[in-house]
Amino acid sequence: MVKQLSIWCIGVFVLFGTNACGSRSTPEPSRDELEKMTAVQRGAIFIKTRGCMDCHPMTEALRATTQEASPLTGMYSSTVIHTDGSTATVDEAYLRDSIINPRARVIRGQPATMPALQFKATEIDDLVQFIKSLEKISRSEK
Ligand code: HEC
């Protein structure tokens, strides 16, 4: 898996000219520091350090600056349509599944480029809590 991931990183680097494996270029706070933070704060850090933002703009307004992936703001509790025509409402379980197994359901009109990254279960929970917290921001933008 490590080998697969590094091949993927190089591939993305060549294709997009960005380092999708952000953890290598952006240092993460120490384990002790992370433990003192809230889940939402840790999730916000992982979103930056684990490469999510190379593809996902945080808001619709930033879309032009990143790859063609859904903005993470406004994703929670929205309804997504998949390539097979099925729909789903984004909740915590859906976010968790999407991060663990991104290719299982692909959003219609978007490329199936999202990689399955290696995360601890607690890190996935942190990411989910952060993405969920963005719902409030997207509401206040409207
Ligand atoms: C190489 C680009 C890329 C990276 C890196 C990436 N994603 Fe994605 N992601 C996508 C694309 C494209 C889609 C839409 C297609 C799909 O559904 O897989 C997507 C879809 C999603 C979805 C919705 C899934 C669905 O099927 O409804 C979530 C949630 C998500 N990404 C979260 C993340 C998180 C969290 C990270 C960082 C750990 C991340 N992504 C990293 C490209 C990326």
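This section describes the fold, the nonpolar core, the ligand shell and two backbone features of the chain. The model is predicted.

The chain contains six helices and two strands. In sequence order, the elements run α-α-α-α-β-β-α-α. The two strands thus follow four helices and precede two. Of the 142 residues in the chain, 20% are buried. Among contacts with a separation of 6 or more, 55% join residues 24 or more positions apart.

Helix 3 spans residues 39-49. Its buried residues are R42, G43, A44, F46 and I47. In an α-helix, residues three or four places apart point the same way, because there are 3.6 residues a turn. I47 also belongs to the largest nonpolar core. Just after helix 3, the backbone at G51 adopts a positive phi of about 90 degrees.

The largest nonpolar core holds 16 residues. Within this core, I47, L72, L127, F130 and I131 touch the most other members. Two or more core residues come from each of helix 3, helix 4 and helix 6 (121-141). Helix 6 gives the largest share, with five residues. Such grouping has a general counterpart: in soluble globular proteins, nonpolar side chains tend to be buried together. The contacts of I131 show how one core member is placed. Beyond its neighbours within four places in sequence, I131 is in contact with L72, M75, Y76 and L95. One of these partners, L72, is itself among the core residues that touch the most other members.

The ligand is surrounded by 27 residues. The closest are C52, C55, A69, S98 and M114. By class, the shell comprises 17 nonpolar, seven polar and three charged residues. At least two shell residues come from helix 4 (52-55), and at least two from helix 5 (92-100). Helix 4 therefore has two roles in this description, as it is also listed among the contributors to the core. A second positive phi, of about 65 degrees, occurs at S77, although S77 is not a glycine. S77 sits in the loop that links helix 4 to strand 1 (79-81). Is S77 buried, exposed or partly exposed? S77 counts as partly exposed, because 13 C-beta neighbours lie inside 10 Å.

Conventions:
Residues numbered from 1 in each chain as written. Predicted model: local features only at pLDDT ≥ 70, side-chain atom pairs only at ≥ 80, totals over all residues. Near = placed C-beta within 6 Å. Nonpolar A, V, L, I, M, F, W, Y, C, P; charged D, E, K, R; others polar. Buried ≥ 20, exposed ≤ 12 C-beta atoms within 10 Å, placed from the backbone. Core = buried A, V, L, I, M, F, W, Y, C linked by C-beta atoms within 7 Å. Contact = placed C-beta atoms within 7 Å.
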